[in-house]
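Work through the following exercises with the structure open beside you, and try each task before reading its solution.

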Amino acid sequence: MIKIALVFLHLTANAYALSLPKANLSESLQEQKQGNEFLQIIWDTDKVIADVETQVYLKKIGNEMSTYSEDPAKHVDFLMLNDASINAFAGPYGYIGVHTGMLLSSDSESELAGVLSHELSHITQNHLARFSEKTDKQTYIMVAGMLAAALVDNSNASQAIAASTVAGTAQQNINFTREHEWEADRIGTTMLSKSGFDPSGMAHFFEKLKDDVNAQEFLRSHPLSINRVSDAMQRSSRLTGDYRADSFEYQSIKARLYYHQHGRIKLEKSEAITLYMQAYDAFEEQKYNTAQDYIEALLKQNQSPSSHILAGRIYSKLGQLETAQQHFSTILSGESAVYYSAKAYFENKQTQQGIHLLRRYLKKNSGTYQSHKLLSSLYVEVGSLDRAHIHNAKALVLQGKLEQAIERYERAKTTTRSQDLFDIIGVEIERLEKRIDLYKELP
């Protein structure tokens, strides 16, 4: 099943086979339906990384870029996928996926922002819908290729069938997609400039990709040419300003991803990042006293949220909860700090305080899948199974798994003793059932 999902993901993402409908009520529901199906496919690959800081960071920078887009009200969301290939894609209903290989291959935060602004431009300019309208007759070819790939037991053969199908369809429409790429370059560069990132970030990044064998999937769906790169360079060179430096958050996340991919610390020019990774390595190796020494040395020169989060995690493992919470409390407005603060309470047997903190945050914010799963675990610890099921249901909704979410809500109904909570659960079930029924009525 995962193999099928992976094939379908690459077909839809790289060739833009799923449409992005126009903005009336009926079409909006169609778009949401396709987006919901797309979400399930992504999560079923088991590629979505569990690291809360990385997911929150990607959503933050992506949502910030979208405020400078040509349609800031358009729905967008971002997911980091654990894959070493250099790829990013825009799916229906504004879902944008970024491979860890893409972030690791970036040399600056402006380059990463450039990729995001480019994908956002595909969304805001309805390129998926425009591609789908042009290639309606080609859809059967792609579906046939997907089914053929799924039926072949040999994984290499499956990938070859899928790749040839996508490549053939993309080649027949190369002029059309290049038109979209030029448009996304132009709009994305403007987006970068408005957000304070170096607008040359996109052009520099794409220039590096031309001859990179790890970027073939990206290049297949984002055709590059010398003229296009040159044009992007010239356009960005006309824009000047005092551009943003790389954030410590970007640097630390990139360093951690490298560490987990290669199993070692990368040699860094920055002393602060070196200290951070030495503390992180010791933390991962459960050498908490050593990690404490490194983190204290880091905090003398760097007071970034990333440093305080790691410090809090280290002190939590040392059983020094008060010190841990002092570090988290400096940045409790962000989900990452709230998540690890609640987890620290959990680890140190103060579960109710963890519940209070995370529950209060999730009442005001949608939160990530990981935060809802943690709150569910906290409720299990204190025996509140009804609320545990509720947050498991909310986590499933974030994965697009609406029917499974209803099943969880039904379990919550059977375990709750609160009439008020019973009624609230009923409303949530009714809302999801109505949504599913509306989707089923669509073609």
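**Exercise 1: An aromatic pair**

Tyr276 has a relative accessibility of 1% and therefore counts as buried, in a model that is predicted.

Task: Find out how the rings of Phe248 and Tyr276 are arranged, and which parts of the chain the pair links.

Solution. Begin with the surroundings: Phe248 has a relative accessible area of 12%, and because buried means under 20%, this residue is buried. Next, take the geometry of the rings, for a pair of aromatic rings is described by the distance of the centres and the angle of the planes. The centres of the Phe248 and Tyr276 rings are 5.8 Å apart and the planes stand at 85°, so the pair is edge-to-face. Then locate the two residues: Phe248 lies in helix α13 (residues 248-262) and Tyr276 in helix α14 (residues 271-284), so that the pair links distant parts of the chain, 28 residues apart. Finally, widen the view: ring pairs join Phe248, Tyr259, Tyr276 and Tyr280 into a cluster, and a search of the whole structure gives eight aromatic pairs.

**Exercise 2: Order and edges in a sheet**

Task: Determine in which order the three strands of the open sheet are arranged, and which strands stand at the edges.

Solution. The order of the strands is β1-β3-β2, and their pairing is mixed. Since β1 (77-81) and β2 (88-90) each have a single partner strand, they stand at the edges, and one side of each is left without a neighbour in the sheet. Neighbouring strands are turned against each other by 15° on average, with direction ignored. Looking at one pairing in detail, β1 runs parallel to strand β3 (residues 95-99) over five bridges, and Leu79 has Gly97 in β3 as its bridge partner. Helix α3 (residues 52-66) packs on the sheet, where it touches β1 and β3, and its direction makes about 140° with that of β1. Helix α5 also packs on the sheet, touching β1, β2 and β3, with its direction at about 20° to that of β2.

**Exercise 3: Two crossing helices**

Task: Describe how the axes of helix α5 (residues 109-124) and helix α10 (residues 200-209) cross, and which residues meet.

Solution. The two axes come within 7 Å and cross at roughly 90°, and α5 and α10 are therefore roughly perpendicular to each other. In the contact, the residues of α5 include Ser110, Val115 and His118, while those of α10 include Met202, Phe205 and Lys208. Sorted by class, this contact of α5 with α10 has four nonpolar, six polar and two charged residues.

Methods: Residues numbered from 1 in each chain as written. Predicted model: local features only at pLDDT ≥ 70, side-chain atom pairs only at ≥ 80, totals over all residues. Heavy atoms only, no water. Axes fitted to C-alpha atoms, helices over the stretch in contact; angles between N-to-C directions. Helix = DSSP H or I, 4+ residues; strand = E, 2+ residues; numbered from the N terminus. Parallel < 35°, antiparallel > 145°, perpendicular 65-115°, else oblique. Contact = heavy atoms within 4.5 Å. Nonpolar A, V, L, I, M, F, W, Y, C, P; charged D, E, K, R; others polar. Pairing = 2+ DSSP bridges. Phe/Tyr/Trp six-rings, centres within 6.5 Å; stacked < 30°, edge-to-face > 60°. Buried < 20%, exposed > 50% of the residue type's maximum accessible area, 1.4 Å probe, protein only.
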